[in-house]
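Hi,

Here is the structure I promised to pass on to you. Have a look at it first, and then read on for what turned up.

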Amino acid sequence: MTAVRVALVGGLLSFRGLFSWLHPAIFVPTMVVPPLFQVLFFAYLGRAAELESDSFYVVGNSIQLAALPGLFAVSQAINGERKSQTLAPLLASPASRVALFLGRSLPVMAIGLGVSFASFGFGSAVLGVEVDAGVLPPLLATMTVTAFSCTALGIAHAAVGLRVREMAVFSNLVFAVLLVFCGVNVPLDDLPGWMGTVAQGLPVTHTVEAGRELLAGASLADVGGLLVTELAIGAAYLVLGLALLRYYERVARRRATLDLV
Amino acid sequence: MSPPSRTLGRVNVVEAVDLHRTYRVTTGTIRRRSHDVEAVRGVSFSIREGELFGLLGPNGAGKTTTIKMLITLLIPTSGSAHVLGYDVVRDAARVREQVGYVFGGDKGLYERLSALDNLRYFAELYGVEPRRQRARIDELLGLVGLRGREHERVEGYSRGMRQRLHLARGLIHDPPVLFLDEPTIGVDPVGARELRALIASLTKAGKTVLLTTHYMFEADSLCDRIAVITDGAIVAQGTPQQLKAGVEQGGVVEVEVFGIDEAQVRRIEALPGVLAVTVEEQELKQLLIVQTAPGTELMHVILAQLDGASVGRISQREPTLEDAYVQLVTA
Amino acid sequence: MTRVVRVVAFGFLIHFKHLTRNPFDVMVTTIWPLVYASLAYFMFRAGSPPESLLIASIGATVMGIWSVTTVGAADAIQRQRWAGVLEVLVAAPTPFWTVLLPITIASSAIGIYSLASTLLWGRFLFGIPLELAQPIWFLVSIPPTIVSIGLLGFVMASVVVRFRAGWAVGNMFEYPVWIVTGLLIPVALLPAWAEPVSWALAPTWGMRALSDAAFSGGSPLFDIGMCVLLSAVYTLVGAVLLGRFLQSARRRATLSLT
C-alpha cells in the first residue's frame, strides 16, 4: 500500500515540477506540432517511394512518437533534479525506488499516450486512413504499453546520459535510432539484418508490429504476445536505469562528489 | 605647487527628470494574475561634466532600471531624461553613440571567443573607425591591464579579468559618458581595488561617470556626489560629506553580542533617543549597531536591555556614510 | 552603406566562429540530415527508387540547413540573452537589424558541415556516387541557398524578439517547411495549395538550384535569382518587423529577462 501511495504522491508532486515545461508556448511547438507533421512527412515520403500504405506510416510513427516525451521529458526531469541537487537524496530515500520513479513517470507516460493518440488521429484524418472503431481500445492499450516502455528507456538513457556532456545530443540520437531501426518507416525485412536484431531489444518494435496487425483486423488476444514482450523490455530498461542511478549515487557518496548525481 | 584639482564643468551632461518605470508582473501558471510594480517612482537628478556620480541603494531599489532608461534600453513610463542634450527616447541612436555601458557579473561576453575577437566585434558595432580599431583596442588592453592575454578565450578568464574586459568594451568608442552598474560586484578585493583606481582615473581624463553600487565605502571614496535610492525613489542627494552630516549628529554605539534575540532588538528600537538599529551577523556573534540621537547617553540603557546575553566589545563612535545610508534607507 | 556591409560581414564571421566552437550545434546539425538521408535511401530502395539517390542526399542537406536555421534563428535572441550580451547589442549605436541579420545567416552557414557530411555518408555507407552534372553551378548555388534561408530565419528571429518564450517556436517549423518546399517529397504529391506557398519560401528555390546543378543540364540561374529576390524581401520585412518589435520590447521591458 505504501508503494502505491509513494507512487501517486511522488507522481503528483513531480507533475507540478513539469508545469513550467508544459507551458503552452513551449509545449505546443515541441510536443504537439512536430509529432503531427512527422506522421504526415513520412506518409508522403512513403508515397513518393511507393512503399507500403499510408496506414503503415500513421501507425508506425504515432506509436514511435511516445518516445518524444519519454526521452526528452525524462532527461529534462532527471537533469533538473540533478541541478537542484535533489536527485541524490531521492535515490537514497528508503521509499521503494521503483514505485517512486514509476510514480514520477506517470505524467510523462500520460503525455506519451496523448502524443501517440493525437498524431494517430490527426494522421488518419488528414490522409483518409479508414479506422474501424473497434480497433481503438486495443490500439490505445498498445500505445499505453509503448508509453511505458519508452519512458523506461527514457530513465535508462537519462542515467547513462548523466555521464555524457551534452545530454540533448544523446537524447536526439536515441530518438533517431528508434525512428530508423524499429520498423517504423522501413519494414524490418528491408533493413540490414543487424539493425533488425538490435531492434528486437528496443521498445517500439513489437508494439508497432502489434498496431499494424490490429489495423489489419487482428484482435487484442492475437497481439497479446507482442505486448507482453514490450512490457518485459520496458521493465528491463527500468531496472537497468534505476540500478545505474543507484550505482552513481553510491559512487558519488563515496567520493563526495555532488556533480555526478 | 598645489595638487591639481579637477574643475567640474558647468554643463549638465545627464539630466533625469521625474523618471517613472512600471513593470507588469504576471504570476501563476493556470490562473495568471498580473499586477503592476513601480520600480522607479519619480527619480530626478543631474550630473555635471567630469563628475563621478554615485547611485547608492540596496538590491531592488531601482538602480539598474534607472540606468537602463538612461542608456535607452528601457522606455520610461513617464518623465524624461537627456544625455548631452539628447532625449533618451527620441534620439536614442545619438545617445548610444555618446554612452558606454558596463555591468558586473560573469555574463556579457562571447565565451568561446578570445578577448581580442570580442573587442573587435564590439568596436565594429559601436562605430569605431576601421583604421583606428587596432590602435584603440591595444590602447584599451593596456589601460585595463589585459595586454598579453587577449588571445585567450574569455571562458578561461577570472571574474576580475572579465570585469576589466567589460570596462574595455564600454570604453571602446571613447564615449564621454559612462554608466557603470555595480562594476566591482563579486570581484576579489585586490581586483576590485584596481578597478576602482581605473574608474577614478576615468574622471581625471574628463569623462562623466554614473556609478551604481551598494558598497558604501566605494561610493564614499570614489564619488563626487551621491544619490541614495531606495524603493524606487531618491531619499537623499549630496556629497558624501553632506550625507554624513545629514545623519543627526548623535553617535553610534556598537556592541558585540553573543546570542541576541528579536525581542531584545525590538525593545532597544523602542528606546527613546534611538534612531536606528541594525544587527550584523558575524561568524560566532552579532554586532549590534545603534544610532542614537544627539545629546543622548544611551550606553547603559542599551546594555541593560541586553541583560542575559553575553556581551563582548563595546564602543561608541561618529556616524559614517554607512550609518547615514542605513538611516535613510530604513526611515 | 559600406558601414552596413562591413558590420554584417564582420558580424557573420564572428558569429560563425562562435557557433562553430559549439560542438552541440555542429553535431545536431550533422546527425539529423544523416538520419533522414538514410531513411530516404532505405525507403526508396525498398520501394521504387528515383534516377539517382543523390537527390535524397541533397534534400536531406537542405532539410538540415533549414533545421539549423529555424532553431538557430528562434534561439538566436535567446542565446544572446543567456550570454547576457543582448543588451550590449541593442545598446550599440548600430541599427539592431544589422546586428541580428548576420547571426541568423551564420546559423544557416553551419549547415555547410551537414552538406559535406551527408554527401560523404551517402557515398561511403550507401554507395551513392557523387556525380554532379554541373559541379561549378552546384558550388555557386550554395551561398545563395544558405543566405536566403538564413534571411528567412532573420524574419523569424525578428518576430521572436517580441516574445520571451519564442525560442521554442523554431522546432515547430521544421517538418511543415520540409514538406511544403519539396525537399524529399515531390511537390506534385502535395495538395494544390501547397505549391504557391512553397514559392515564397527560400528552401524551395535553393533545393531547385542545387538539384538542377546536380542532375539536369538546365541552368539554375532562375532559381538562384529567386533566392536573391527573396533575400531582399526577407531583409526588408525582417528589418521593419524588428524595429517595431524592438520598440515594443523596450516599452514592456522584455529585453533582458531570461
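Let me start with the contact between chains B and C: 23 residues of chain B are in contact with 24 residues of chain C. Please keep in mind that this is a predicted model. On the chain B side, helices α2 (92–98) and α3 (115–125) of chain B each supply at least two residues to the surface that touches chain C. Of the elements there, α3(B) gives the most, with four residues. By type, the residues on this side of chain B divide into 13 nonpolar, four polar and six charged.

Chain C also meets chain A, and that contact takes 28 residues from chain C and 32 residues from chain A. On the side of chain C that touches chain A, α2 (23–46), α8 (169–172) and α9 (174–180) of chain C each bring at least two residues. The largest share comes from α2(C), which provides twelve residues. The make-up of this side of chain C is 23 nonpolar residues, four polar and one charged.

Now to the sheet in chain B. Its six strands form an open sheet in the order β6-β7-β8-β3-β9-β10 (chain B), and the pairing is mixed. Strands β6 (99–103) and β10 (233–238) of chain B stand at the edges; each has a single partner strand, so one side of each has no neighbour in the sheet. On average, neighbouring strands of this sheet are turned by 15° against each other, ignoring direction.

At one end of that order, β9 (residues 225–230) of chain B runs antiparallel to β10(B), and five bridges join the two. One residue pair to look at is B:I229, whose bridge partner in β10(B) is B:I234.

Two helices of chain B are worth displaying along with the sheet. Helix α6 (residues 189–204) of chain B packs on the sheet and touches β3 (52–56), β7 (177–181) and β8 (208–213) of chain B, with its direction at about 150° to that of β8(B). Helix α11 (residues 321–330) of chain B lies across β3, β9 and β10 of chain B and runs at about 35° to β9(B).

Finally, a word on confidence in chain A. The average pLDDT of chain A is 84, and 82% of the residues score at least 70. Which elements of chain A have the lowest and the highest mean pLDDT? Helix α1 (residues 2–18) of chain A has the lowest, at 55, and helix α3 (residues 54–64) of chain A the highest, at 96. Where pLDDT is low, the predicted coordinates should not be read in detail.

Best wishes

Methods. Residues numbered from 1 in each chain as written. Chains lettered and ligands numbered in written order. Predicted model: local features only at pLDDT ≥ 70, side-chain atom pairs only at ≥ 80, totals over all residues. Pairing = 2+ DSSP bridges. Axes fitted to C-alpha atoms, helices over the stretch in contact; angles between N-to-C directions. Contact = placed C-beta atoms within 7 Å. pLDDT = per-residue confidence, 0-100. Nonpolar A, V, L, I, M, F, W, Y, C, P; charged D, E, K, R; others polar.
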